[in-house]
Amino acid sequence: MRTWLIGVAILAALPAVAAPRSPASVTVTQKTPALDFSYTYPAAAARIAPLRRWLDAQRSALRTKALRDATADRREATKSGFPFRQHDATTEWKVVTDTPRLLSLSVESYRYTGGAHGGTVIDSVVWDKARARRVAPRAMFVSDGALQDLLGKTWCEKLKAARVKRLGGDIADDDIFPCPTVDKLTLLLGSTDARAIDRIGLIAGQYVAGSYAEGMYEITLPVTPALLRIVRPEWRAMFVAR
């Protein structure tokens, strides 16, 4: 995914501090008594002007809402005489792969709003360099049903093996967390040679395939001829079967 109300208005008015987190990324941070905020995206995204503008707009909207919610929560806690725990809003975009046509990105967002623990959400997006537009990875396939028919059985088998390993023993049929269908997963498009998409990552976020303590599960599968056949025709040239 800690001080009191005095000075919130002053600190909130200060500009966010932008600084390179590393030679390969740009980070914007802002700390107030109510909120610890951080937003990072890679240099590969910053070099694409329309993508950078979209990320900056998202960052601004996230920061505004997170600060508003945190400040209101802190004010209410003060009025009620309850202790306040500083909120946390951290977002980090990373490059999955960068091919001549597509920039594939993943994002991990952590939020803590004063409860027992925070929560992490995983998402992804692909930037089409030729058409200067964002594309959801699953939109490159003919349908969620086709993905489920092709990958569902393998996904569930590998998920069960991963859960057994993580939990330290065999697991019975889980009525609370049955194997999620592919449409409930985050898809990542990757490449082993940065030339064409040749692998697909399937990620079950927190609470999707197990309890909070289990965390997230991810498996990576190669692009096969069968998978290539369910890629929409307009994107097929950007994929290769291995």
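**Exercise 1. The disulfide**

Is the link of Cys156 and Cys179 left-handed or right-handed about the S-S bond? Work through the cysteines of this predicted model, and establish where the two partners lie and how accessible they are.

*Solution.* Begin with the search of the whole structure, which finds one disulfide. This disulfide joins Cys156 to Cys179, with an S to S distance of 2.1 Å, which is within the 2.5 Å that the assignment requires. The angle about the S-S bond is -95°, and the link of Cys156 and Cys179 is left-handed. Next, place the partners: Cys156 lies in helix α4 and Cys179 in the loop between α4 and β8, so the pair ties together parts that are 23 residues apart in sequence. For accessibility, recall that partly exposed covers the range between 20% and 50%. Cys156, at 28% relative accessibility, therefore counts as partly exposed, and Cys179 counts as partly exposed at 31%.

**Exercise 2. A proline in the loop between α4 and β8**

Determine where Pro178 is found, and state how far its C-alpha is from that of Lys160.

*Solution.* Pro178 is found in the loop between α4 (144–167) and β8. Counting along the sequence, Pro178 and Lys160 are 18 residues apart, while in space their C-alpha atoms are 9.8 Å apart. The relative accessibility of Pro178 is 47%, so this residue counts as partly exposed.

**Exercise 3. Strand β9 and its partners**

Find which strands pair with β9 and in which sense, and explain why β9 can be called largely enclosed.

*Solution.* On one hand, strand β8 (residues 186–190) pairs with β9 in the antiparallel sense over five bridges, and in this pairing Leu189 stands opposite Ile200 of β9. On the other hand, β9 is joined to strand β10 (residues 217–222) by six bridges, and these two strands also run antiparallel; here Arg199 stands opposite Pro222 of β10. Finally, consider burial: of the six residues of β9 (residues 199–204), five are buried, so the strand is largely enclosed by the rest of the structure.

**Exercise 4. The nonpolar cores**

Identify the residues with the most contacts inside the largest nonpolar core, and work out which element gives the most to this core.

*Solution.* The largest nonpolar core has 29 residues, and those with the most contacts inside it are Met140, Phe141, Ile200, Leu202 and Phe239. At least two residues of this core come from each of α4, β8, β9 and β10, and α4 gives the most, with five residues. To look at one member more carefully, take Phe239: leaving aside residues up to four places away in sequence, Phe239 touches Met140, Phe141, Leu189, Ala196, Ile197, Val223, Leu228 and Val231. There is also a second, separate core of 23 residues, which includes Phe37, Ala44, Leu105 and Val125.

**Exercise 5. Positive phi in two alanines**

Locate Ala132 and Ala194, and give the value of phi for each.

*Solution.* As background, most residues other than glycine have a negative phi. Ala132 has a positive phi of about 50° although it is not a glycine, and its place is in the loop between β6 (119–128) and β7 (133–135). With 45% relative accessibility, Ala132 counts as partly exposed. Ala194 likewise has a positive phi, near 60°, and lies in the loop between β8 and β9. The relative accessibility of Ala194 is 36%, so Ala194 counts as partly exposed.

Key
Residues are numbered from 1 along each chain as its sequence is written. This is a predicted model: local features need pLDDT of at least 70, side-chain atom pairs count only at pLDDT 80 or more; totals for chains, interfaces and linings use all residues. Side-chain values use heavy atoms; hydrogens and water are left out. Buried means under 20% relative accessible area, exposed over 50%, partly exposed in between (1.4 Å probe, protein chains only). Helices (H or I, at least four residues) and strands (E, at least two) are DSSP runs, numbered from the N terminus. Two strands pair if DSSP finds at least two bridges between them. A nonpolar core is a set of buried Ala, Val, Leu, Ile, Met, Phe, Trp, Tyr and Cys residues joined through side-chain atoms within 4.5 Å. Contact means heavy atoms within 4.5 Å.
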